[in-house]
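Here are a few notes to read alongside the model. Have a look at the structure first, then work through the points.

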Amino acid sequence: MNTVVKIFNYQFTIKEFLILFFGYLFMEQIFSWLFAPTSAIIQPYTKMFGFVIYGFMLYNINELKFNEKIFLGIFTLLLVRLVLESLAVYNTFFQQLTMYYVLFPAIYTIFVKNMCRKYDFDLLEFMAKFYLYTYIIFMVIYGRGFSFSLEGLDLEDLGVFSGDGRIIHATSIFMMILPFLWYLNKFIKTKKGKDFIPFAFCFVVILIHQHRSVWSSCIIALFIYLGITIRVKKERIPRIWGLAVGGVIVLFFTYFFVSTLFPELTNFMGERFSEIFDPAQQESTGRFRVEQREVYGQLFLQRPFFGWTFEGFEMPNPLVDWWPEKTGQHFHEGFMEILFYHGIVGLLFKYSFVFYLGLRAFSKNITEPTIILIAFCLSGLLFSLSYVPQTIFWGHVGLCLYYLEKDDLQVEEEEIDEVEYYEEEQSSLPEPIFKGRRKIAELDTQ
């Protein structure tokens, strides 16, 4: 098991690689589709692995930190409540497993954080390259039908596909924001073309796939990244300003030439972008989300704390009639899904880590990987207004928490080193003077 696997200049033992592959990478849908191009395999694997991870976390609970144990305990209590309700009302152990899968991503966050801590994984650059190459390979194999027309495709298994000329579903294109931010950060630091090319490539990918929810999320992520970087890394301000000016100039000339050569394309993209500000247009997915939010919002208010739980699956769909009975409400939005099924308690539980990252965005002592991941994860809040994020998104939240934990440990070590150096420096002073100044140092560190 000590055999070393080398990928993207990273080295893993066979054990580490298998855990990383099946526990993290394979949860990305377009990646798993390359190995098993059928929903009949991917969906059962994701669901089954959800139970495996929960069992693994319970078995290794002593490895977790105190707050992680509390979180796992709350999840267990919520499951016990559902089991008791299922036994009392439906005479079955767990009436609908979807109730578990909706809440499970929060536990997956802890799993990935613990995995990174245990094996000391520094994975951000690895994940940026992983998404870049996975996208390229996927499009080489499946991208022949790509077009700007948004014409529907006749697919027997929709799987990871968008169902139209965009080919890839928005939940996977959303992940391209991660390499977009990573290579942007590298280009700001180095100003080298080898970093600009993948950054520009990610920008083009996000642009041409025309998922308006991804466009909005990318813009938010970019502003959050720049805002934190300017506040924490003030020496980067001149470079960021120069990049911003250069970017505006490049975009202006690009728009000029494209609008001259392909005026219909620029008009089409402009109309698509304008729809971000008018989501309630008739015959659009945005309009359906608005209607779904209005209808289920009223139902949520009837049971705001723990939601409709299993009864939500017995309820006929109030908007459409093409879904099979007792298969759930098939939500188009992450927030509404958790609020309807699990109420406010479920929302706070599932999104608590992301809310925590929002608070930590104002920290001073955070490193570049943490800044990138915080920006990406917070953009997931906006994305959750349009889609239910993939399970792997919550793994990236766990990766961010791991980097934050490393940052905090580094700050603590620096403070300890400063105190030890101060005490060593003052030990040569006469005893009464040293005692007095030592007391002042102690107060300063409290």
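**Notes on the predicted model**

1. Start with Phe 262, which sits in the loop between α12 (237-261) and α13 (263-274); helices are DSSP runs of H or I, at least four residues, numbered from the N terminus. Phe 262 also helps make a nonpolar surface patch of about 1000 Å², along with others including Trp 241 and Phe 252. Patch residues have over 30% relative accessible area (Shrake-Rupley, 1.4 Å probe) and no salt bridge, with nonpolar side chains joined within 5 Å.

2. This is a predicted model: local features need pLDDT of at least 70, and side-chain atom pairs count only at 80 or more. Residues are numbered from 1 along each chain, and side-chain values use heavy atoms, without hydrogens or water.

3. Now the salt bridges (a Lys or Arg side-chain nitrogen within 4 Å of an Asp or Glu carboxyl oxygen): the structure has 16. One of them joins Arg 117 and Glu 68, with the closest N and O atoms 2.9 Å apart. Arg 117 is in α6 (residues 105-119) and Glu 68 in α4 (residues 66-89), so the pair ties together parts 49 residues apart in sequence.

Definitions and conventions
Patch = residues over 30% accessible without salt bridge, like charges linked within 9 Å, V, L, I, M, F, W, Y side chains within 5 Å. Helix = DSSP H or I, 4+ residues; strand = E, 2+ residues; numbered from the N terminus.
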